[in-house]
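Here is a short, friendly tour of a protein chain, meant to be read with the model open beside you. We start with a pair of rings, step back to the whole chain, and then turn to its charged contacts.

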Amino acid sequence: MKLLFKQHRMYESEHTQFIKALKDKNPSIEAGQQQGRSLLWDKAPTTLDEQARQRDSRIAQQPYVYQNKL
């Protein structure tokens, strides 16, 4: 059983090898990924006042959006 575990531990898929080779050729890829992540996800937390303002300014959507308003 130990022999089988060692073989699996040393295995790298073709996908993993490709990603490693790509990052070796272009080391700035990881910095670009982190920069893109920070644009979309790393945001400052909103205050309770800002959350209340956003909640109060929401417009309720009608149940069936394609129906004309009566």
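## A pair of tyrosines

Tyr64 and Tyr66 are both exposed. Please keep in mind as you look at them that this is a predicted model. How many aromatic pairs does the structure hold? The count is one. Tyr64 and Tyr66 form that pair, with their ring centres 5.9 Å apart and their planes at 70° to each other. The arrangement counts as edge-to-face because the angle of 70° is over the cut-off of 60 degrees.

## The chain as a whole

Stepping back, the protein chain has four helices and zero strands. Following the sequence from start to end, you will read the pattern α-α-α-α. The chain has 70 residues, and buried residues make up 0% of them. Its accessible surface is about 7600 Å², and carbon and sulfur atoms account for 57% of that area.

## Charged contacts

How many salt bridges does the structure have? There are four, and the table lists three, with the N to O distance for each.

| Basic residue | Acidic residue | N to O distance |
|---|---|---|
| Lys20 | Glu12 | 2.5 Å |
| Arg37 | Asp42 | 3.1 Å |
| Arg53 | Glu50 | 2.8 Å |

Let us take these one by one. Lys20 meets Glu12 through their side chains. Lys20 counts as partly exposed because its relative accessibility is 44%, which lies between the cut-offs of 20% and 50%. Its partner Glu12 is partly exposed too, with a relative accessible area of 33%.

Next comes the salt bridge between the side chains of Arg37 and Asp42. Are these residues buried, exposed or partly exposed? Arg37 has a relative accessibility of 49%, so it counts as partly exposed. For Asp42 the value is 43%, and this residue is partly exposed as well.

The salt bridge between Arg53 and Glu50 can be placed within a helix. Where do Arg53 and Glu50 lie? Both are in helix 4, which covers residues 48-56. They sit three residues apart, or about one turn of the helix. Arg53, at 48% relative accessibility, counts as partly exposed. Glu50 has a relative accessible area of 27%, so this residue is partly exposed.

Definitions and conventions. Residues are numbered from 1 along each chain as its sequence is written. This is a predicted model: local features need pLDDT of at least 70, side-chain atom pairs count only at pLDDT 80 or more; totals for chains, interfaces and linings use all residues. Side-chain values use heavy atoms; hydrogens and water are left out. Helices (H or I, at least four residues) and strands (E, at least two) are DSSP runs, numbered from the N terminus. Buried means under 20% relative accessible area, exposed over 50%, partly exposed in between (1.4 Å probe, protein chains only). Accessible areas come from the Shrake-Rupley method with a 1.4 Å probe; for residues, only the protein chains shown count as cover. Rings of Phe, Tyr and Trp (its six-membered ring) pair if their centres lie within 6.5 Å; planes under 30 degrees apart count as stacked, over 60 as edge-to-face and the rest as tilted.
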